[in-house]
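Me: I should like to go through the structure below and ask, term by term, on what grounds each description rests.

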Amino acid sequence: MKRVIAVYDIDPFYADRFAKVANQREAVPFTIIAFTTIEKLKAYMEGNAVEILLVDRTAVDLVQDLPAKQILTLSDGEVVPVDDELSSIYKYQSADGILREVMACYQVTPGSDMVPVGTPSRLIGVYSPVNRCFKTTFCLTMGQLLSKEQKVLYLNLEDCSVLGKLMPDSFKGDLSDAFYYFQQDLYNWVKIATMVYTWGTLDYIAPARYPEDLARMSSGQVAEFLECVAGEGVYDTIIVDIGQYGRLAADILDVCHTIYMPVREDCISGLKVETFQDYLEASGRKKLLERIQKIKLPNPGSLSSRDNYLDQLMWGELADYVRQLLRGKPEWSRF
């Protein structure tokens, strides 16, 4: 069961609008409840636990004695005293921005990790030893299509990803931060959720800022990280766009339920695929070959503009190919 964020603002419409928008965010491991009066808030808290109380700064004195585990204030831009003990969040920003700040301020009690809210996510790995095979374009197209029917998270493990250039957001956190928390044994979904952004209907975590941040994580550690995120049960599907891990990609593919391998028809590309398959057999991972589905992707054509890149993805020959691919899977028969 999700924990509760209670919201009280002197403008009752503000609290109600914020709660409606925030509760639509799949990555948020809380239920947000709006209260229009202090009396209703107090009555609710007499019999229900509240993890975070998000309250208008002018009403702080009215809630100081309430048993919320943590109180955060909403300000309208006034200067907050340096010695103020309560963290303050600017209220007139996007709901996503507020939620990121709330979760960044959230103090997780040691030993009280968030309980997974659903069944573990299906992990889809997309990898190829072949370059220039439209792997990332395929991932983004599949992610956008799947996310119209499911809750989907996209993770890009490339060491030089273009994702940061394509997405409209300014990132306050990315995979570099997520991997740091994981390596320091500070992983919890509340922290990771502050790094989740949305593009169209697809959720994603921005790629690592520097290749060195990926290099510090062994392929085995990346696999463990993916299992942790999947185990949260927040998403139905997690698409993992696996970058330049070479043969070490096998460690990551091992934890994926479905594996797509884009290939090309030229001789050198074919030999690269054969070399990777030989490695899997020699390293005792022959069974992994049974989960790999090789796909020959149609050329997506000229996707020349970053401004309407998403629209271009959805209406090309590649999108039609991905729709047909998804229709062939019983679990995705709605496509």
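Me: What does the accessible surface of the chain come to, and how is such an area obtained?
Reply: The accessible surface of the chain comes to about 16,400 Å², and 49% of it belongs to carbon and sulfur atoms. Such areas come from the Shrake-Rupley method with a 1.4 Å probe; for residues, only the protein chains shown count as cover.

Me: What kind of model is this, and which rules apply to its features?
Reply: This is a predicted model, in which local features need pLDDT of at least 70 and side-chain atom pairs count only at pLDDT 80 or more, while totals for chains, interfaces and linings use all residues. Residues are numbered from 1 along each chain as its sequence is written, and side-chain values use heavy atoms, with hydrogens and water left out.

Me: How confident is the predictor in the chain, and which elements have the lowest and the highest mean pLDDT?
Reply: The chain averages a pLDDT (the predictor's confidence in each residue, from 0 to 100) of 86, and 90% of the residues score at least 70. Among the elements of the chain, helix α6 (residues 163-166) has the lowest mean, 75, and strand β10 (residues 237-241) the highest, 97.

Me: What makes a run of residues a helix or a strand here, and how many of each are there?
Reply: Both are DSSP runs numbered from the N terminus: helices are H or I with at least four residues, and strands are E with at least two. On that basis the chain has 14 helices and twelve strands.

Me: Why is the pair of Phe-30 and Tyr-106 called edge-to-face?
Reply: Rings of Phe, Tyr and Trp (its six-membered ring) pair if their centres lie within 6.5 Å; planes under 30 degrees apart count as stacked, over 60 as edge-to-face and the rest as tilted. The whole structure holds 13 aromatic pairs. In the one formed by Phe-30 and Tyr-106, the centres are 5.3 Å apart and the planes stand at 90 degrees, therefore the pair is edge-to-face. Phe-30 belongs to strand β2 (residues 30-35) and Tyr-106 to the loop between α4 (95-105) and β6 (122-126), 76 residues apart.

Me: How do you know whether Phe-30 and Tyr-106 are buried or exposed?
Reply: Buried means under 20% relative accessible area, exposed over 50%, and partly exposed in between (1.4 Å probe, protein chains only). Phe-30 has 2% and is therefore buried; Tyr-106, at 3%, also counts as buried.

Me: Why is the pair of Tyr-127 and Phe-276 called tilted?
Reply: Its planes are 50 degrees apart, so the pair is neither stacked nor edge-to-face, and the centres are 5.2 Å apart. Tyr-127 lies in the loop between β6 and α5 (135-146) and Phe-276 in helix α12 (residues 267-282), so the pair ties together parts 149 residues apart in sequence. Tyr-127 is buried at 3% relative accessible area, and Phe-276 is buried at 3%.

Me: What makes the contact of Lys-91 with Asp-9 a salt bridge?
Reply: A salt bridge is a side-chain nitrogen of Lys or Arg within 4 Å of a carboxyl oxygen of Asp or Glu. Lys-91 and Asp-9 meet at 2.7 Å, N to O, so the pair qualifies. Lys-91 lies in the loop between β5 (88-90) and α4, and Asp-9 in the loop between β1 (3-8) and α1 (12-22), 82 residues apart. Both Lys-91 and Asp-9 are buried.

Me: Why does Lys-91 also count as lying over the face of Tyr-14?
Reply: A charge sits over a ring if NZ of Lys or CZ of Arg is within 6 Å of the ring centre and within 35 degrees of the ring normal. Lys-91 lies over the face of Tyr-14, 4.9 Å from the ring centre. The charged end of Arg-323 likewise sits over the ring of Trp-315, 5.6 Å from its centre.

Me: Why is the pair of Asp-16 and Lys-20 called a salt bridge, and how exposed are its partners?
Reply: The closest N and O atoms of Asp-16 and Lys-20 are 3.4 Å apart, so the pair meets the cut-off. Both residues lie in helix α1, four residues apart, about one turn of the helix. Asp-16 is partly exposed, with 34% relative accessible area, whereas Lys-20, at 54%, counts as exposed.
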